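Visitor: I should like to take a close look at a single part of this model. Please let me see it before I put my request.

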Amino acid sequence: MNTHNSQLTTHNSEDTIVALATPNGIGAIAVIRLSGLDAIAIANSVWKGKDLTKQASHTIHFGHIVDGDLVLDEVLASLFVAPKSYTRENVVEISCHASGYIIESIIKLFIKKGARSAKPGEFTLRAFLNGQLDLSQAEAVADLIASNSKASQQVALQQLRGGFSTQLQLLREQLVNFASLIELELDFAEEDVEFANRDQLKNLIHEITKIVGRLIQSFELGNAIKNGVNTVIAGRPNAGKSTLLNALLNEERAIVSHIPGTTRDTIEEVLNIQGINFRLIDTAGIREATDAIEQIGVQRTMEKISQSALLVYVFDATEITIEELNSDIESLQKPGITMLLVANKMDLLESESPEDRKSESLASGKIQNIGDFFRTSGLPDFRTISISAKEKQHIDELKQKIYSSAIKDQLSGDETLVTNIRHLEALQKTEEALIRVLGGIDGSITSDFLSMDIKQSLHYLGEITGVVTTDDLLENIFSKFCIGK
Ligand SMILES: Nc1nc2c(ncn2[C@@H]2O[C@H](COP(=O)(O)OP(=O)(O)OP(=O)(O)O)[C@@H](O)[C@H]2O)c(=O)[nH]1
Ligand SMILES: [Mg+2]
């Protein structure tokens, strides 16, 4: 196990690494990055221009990269002298022309002069090891690069700025104080003294448990922001699911027809509602399938429902009977999935006279009044809606309900959100250990056991910010980065 902290002196690695920092492919410019003790010397050894080793940090120089007599490219070199760089090592960034040939030649030349190819995430790993970033901030760098919506970019940026770790760091320090007082009690075991006031300790643990609990709860929203929300549109054949998908996307994406069983395979499209990405999945209508292909389609629908966070259940309000509707709702309701009831084809009901509707519904068991049906369904108002997918009526209201079903607590902007499964697991383990500490205080267990449980909580809290790390953990985190970051 390694212990890292921000007081570590910069360790300007003798091993200088190099990688392309911009995407592969042709473009106006590409940036090749060198980091390590010899970064500037290596760049200078293939440089025609001012002596780079004699230039100040944070300066940019025009020159040529040369391999002997051969000029490879006309470039700009940006210098960052340790510790004032991203990695806190000497860093040179070469902005060259983005041709695959030039990039490869320059990188090969640097390797010939003593650098080696960087592994994925190795620049950020060095930034972490040199105390530039803590672990959750390093992970935020990866999230920032992967962010694909305004909300996910904001959450990653907040984490990068340290919003998440500062809060945990403070809690951890308070707990460290108590742990040391209890350690002290162990030294005076014979004398039966209590340095750590048990009531104060209990208050602190309660406070930390509350915050840890809130962070754990924030994961649902944090995860939705980072990874999007799986939202499945399901219902009986011909209910208007594909028409609804098209209306939501405002695009003729799925085939619509009056023939039941039109959609065979699932269709997925992303819809951004107020900064959150919803992955909408149109599915094959659920019924006793009439052929093998349709059967596979229905099976796939059921699979998609079980993998989703949100189920938009669509029914044809003019056709379905109360009995069918109740049985659908009952069979589709699963723990962990939020269900939204959508009565479709309301345009047809509006053109019918209430008298005709009444006599028809009495005879057939169909729904007479959707509003009344919803009121008696027991589902809250924000989970039910009447629309016309074809006429695009109440589509914006439906979007609003989709959003609020997934995002139960409104985004406040400065709330700290957990988006990372590794953090979630560490927080859950912290919570378990804290509960053991509380039980220990109440059960008046001895100081040495109490001390052990507190240390465990400290350990898991430390795992999040990287105060406590293992090599496996680092390997696992940084290998997911792209090369050059
Ligand atoms: N009047 C009216 N017709 C609608 C509405 N929504 C859908 N339809 C019609 O209902 C029929 C079936 O629509 P689809 O969107 O293909 O239904 P689906 O649920 O995807 O059906 P499957 O893919 O077969 O399961 C089509 O003829 C649509 O034009 C609506 O709001 N009002
Ligand atoms: Mg369809």
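Visitor: Which element gives the most residues to the shell around ligand 1? Please describe that shell closely, and then what may be said of the strands and the core.

Guide: The model is predicted, and the description should be read in that light. Helix α8 gives the most to the shell around ligand 1, namely 3 residues. This helix spans residues 241-249, and it shares with α11 (346-351) the property of supplying at least two residues of the shell. In total, 23 residues surround the ligand, the closest being G240, S242, T263, G285 and K390. Sorted by class, the shell holds 12 polar, 7 nonpolar and 4 charged residues.

Turning to the strands, β11 (residues 276-282) is mostly covered, with 6 of its 7 residues buried. Strand β9 (residues 229-235) pairs with β11 in the parallel sense over 5 bridges, and V232 stands opposite I281 of β11. Strand β10 (residues 267-273) runs antiparallel to β11 and is joined to it by 7 bridges; here I267 stands opposite D282. β10 and β11 form a hairpin with 2 residues between them, and Q274 in the turn has a positive phi of about 50°.

As to the core, nonpolar side chains in soluble globular proteins tend to be buried together. The largest nonpolar core in this model has 110 residues, and A43, V312 and V342 have the most contacts inside it. Helix α7 (residues 198-227) provides the largest share of this core, 8 residues. Beyond its neighbours within four places in sequence, V342 is in contact with V312, Y313, V314, I385, I387 and L398.

How values were computed: Residues numbered from 1 in each chain as written. Chains lettered and ligands numbered in written order. Predicted model: local features only at pLDDT ≥ 70, side-chain atom pairs only at ≥ 80, totals over all residues. Near = placed C-beta within 6 Å. Helix = DSSP H or I, 4+ residues; strand = E, 2+ residues; numbered from the N terminus. Nonpolar A, V, L, I, M, F, W, Y, C, P; charged D, E, K, R; others polar. Core = buried A, V, L, I, M, F, W, Y, C linked by C-beta atoms within 7 Å. Buried ≥ 20, exposed ≤ 12 C-beta atoms within 10 Å, placed from the backbone. Contact = placed C-beta atoms within 7 Å. Pairing = 2+ DSSP bridges.
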